[in-house]
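Me: Could you take a close look at one part of this model for me, the place where the two chains meet? Some context on the folds behind that surface would be handy too.

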2 protein chains.
Amino acid sequence: MQPRPRTIPEATVARLAVYLRVLTTLADGGRSTVSSGELASAAGVNPAGLRKDLSHLGPCGVRGVGYDVGALRDRLTGVLGVGSSRACVLVGIGNLGSALADYAGFGTRGFEFVALFDASPARIGQRVGDLEVRALDELEDVVTETGASIGVITTPAEVAQSVCDRLAAAGVRSILNFAPVTLAAPAGVDVRKVDLSVELQVLAFLGQQRVPAGVGESA
Amino acid sequence: MQPRPRTIPEATVARLAVYLRVLTTLADGGRSTVSSGELASAAGVNPAGLRKDLSHLGPCGVRGVGYDVGALRDRLTGVLGVGSSRACVLVGIGNLGSALADYAGFGTRGFEFVALFDASPARIGQRVGDLEVRALDELEDVVTETGASIGVITTPAEVAQSVCDRLAAAGVRSILNFAPVTLAAPAGVDVRKVDLSVELQVLAFLGQQRVPAGVGESA
DNA sequence: GGGACTTTGTTCCTGCGTTCACAAGCGGCT
DNA sequence: AGCCGCTTGTGAACGCAGGAACAAAGTCCC
């Protein structure tokens, strides 16, 4: 029986993850308490917004003092499910895939890559990090064995949909897609897309919009 | 008298970039016209929303027919500033940095990496893609010479703020940050953050929230 | 030439996210 | 013990994004 509503806005969840990171850093630095203002500043958000985000977890601070760094960190760890490690599979071991497989930031945040897949025979058998690249044929079996619930797609765009279908059919419930295509997945499977060139284009557009080209524009 | 208001929402800009990609694919496939419904389906958005997004550019479709693929593509290319190639510098040539430097998707979308930097002497001088990794000391000079307006940070978190400061001081107006820290930049400099582990955490949370504890779910 | 169908562009509305501002609660000081 | 200042937590207003429905416009067919 959760006294708190089980619906936490996605935008809030994303920020909670950022708070958790900042808190970890603070804890390592020996800090015992933080105020919402300082935490908000470190996370780059509004103090009031931070308090509202945290209010979704129920009261977890002390008025007049602030938040206990360790306690809040543990609270966030629990809510975000970082405590229990989650099995992930990574499909497409190109440059980006290799980078992700090697990225240490995942292991310390409750995510563990349990298998790497690639279609290219030249890649199969290579070691990346501490895993061996496996043939794509084994995907379904490995997902079933390991119970992996998260799949990461870093394949070329052409095969991403096919990989998505196979992951979903094998039982993966959440997919993080780096391929530059919009994936269709069955109901019950979440797909989240990260498009690097879109990020760059938005950035470029904002910059260009700010300074069109010497057009008589005040500010 | 600008026919189009110069304020286009960021969310819309991000989608415009997606539309542009889809249109390019369609054009390569020989299609000459598209309806908003089909384009929206390919982009994974609502048809009405797509038309609203496109309305920010002024009328660019033909009623009863649809959109001319080539014309709309060119229109988006112009608005997003993809036509003129933009010089970018990349700082931090680890796994992720190397992947980005090699990523072909940027070059074809109006972005050109003109220099790669790293602090590690072991990295300096190595070739990644068709560029040579340069010493971080040269950062200011190279930015000035090339007039680079965009910087991409893929360094460890500890040095990201320092790199950000130097990029901003050197004249870079837009920064894409992959380091897991919140950067502070002077006014007039846009910072956009991509946090891979946050993406994974949000995904994991949504999945966990959907199925709290094996609740029967009829897809 | 006229009518009807198709598709765009627009307008309204609903809901969400964000921000501001205030009341409640706790610690420290006198 | 009482007061004061500080900080959290919450309530309300604002603005924005998303979605649905409607009118305008152009084309195809008869």
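Reply: Here's the interface, followed by the sheets in each chain. First, the ground rules: this is a predicted model, with local features needing pLDDT of at least 70, side-chain atom pairs counted only at pLDDT 80 or more, and totals for chains, interfaces and linings using all residues. Residues are numbered from 1 along each chain as its sequence is written, chains are lettered from A and ligands numbered from 1 in the order in which they are written, and side-chain values use heavy atoms, with hydrogens and water left out.

On to the interface: 60 residues of chain B are in contact with 59 residues of chain A (contact being heavy atoms within 4.5 Å). Together the two chains bury about 5,600 Å², with 63% of that on carbon and sulfur atoms; buried area here is the accessible area, 1.4 Å probe, that two parts lose on being put together, summed over both. On the chain B side, B:L200, B:Q201 and B:L203 lose the most area to chain A, together 13% of what that side buries.

For polar chemistry, the rule turns up 14 residue pairs in polar contact across the interface, both residues at pLDDT 80 or more (a pair of N or O atoms within 3.5 Å; within protein, one must be able to donate a hydrogen and the other to accept it, and residues adjacent in sequence count only if both atoms are side-chain atoms). Which pieces of chain B touch chain A? Those supplying at least two residues each include helix 1 (10-28), helix 4 (69-80), strand 9 (190-193) and helix 9 (196-210), where helices (H or I, at least four residues) and strands (E, at least two) are DSSP runs, numbered from the N terminus. Helix 9 gives the largest share, 15 residues. By class, that side of chain B has 34 nonpolar, 12 polar and 14 charged residues, with Ala, Val, Leu, Ile, Met, Phe, Trp, Tyr, Cys and Pro as nonpolar, Asp, Glu, Lys and Arg as charged, and the others, Gly among them, as polar.

There are also four salt bridges between the chains, meaning a side-chain nitrogen of Lys or Arg within 4 Å of a carboxyl oxygen of Asp or Glu. A:R192 and B:E199 meet in a salt bridge, at 2.6 Å, N to O.

From the chain A side, A:A14 sits in helix 1 (residues 10-28). Setting aside neighbours within four places in sequence, A:A14 is in contact with B:V198 and B:V202.

Now the sheets. Chain A has an open one of seven strands, in the order 5-6-4-3-7-8-9 with mixed pairing (two strands pair if DSSP finds at least two bridges between them). Strand 5 (127-128) and strand 9 (190-193) of chain A are the edges, each pairing on one side only. In chain A, strands 7 and 8 pair in the parallel sense over four bridges, and A:G151 has A:I175 as its bridge partner.

Chain B also has an open sheet of seven strands, ordered 5-6-4-3-7-8-9 with mixed pairing. Strands 3 and 7 of chain B run parallel, joined by four bridges, and B:C88 stands opposite B:I150.
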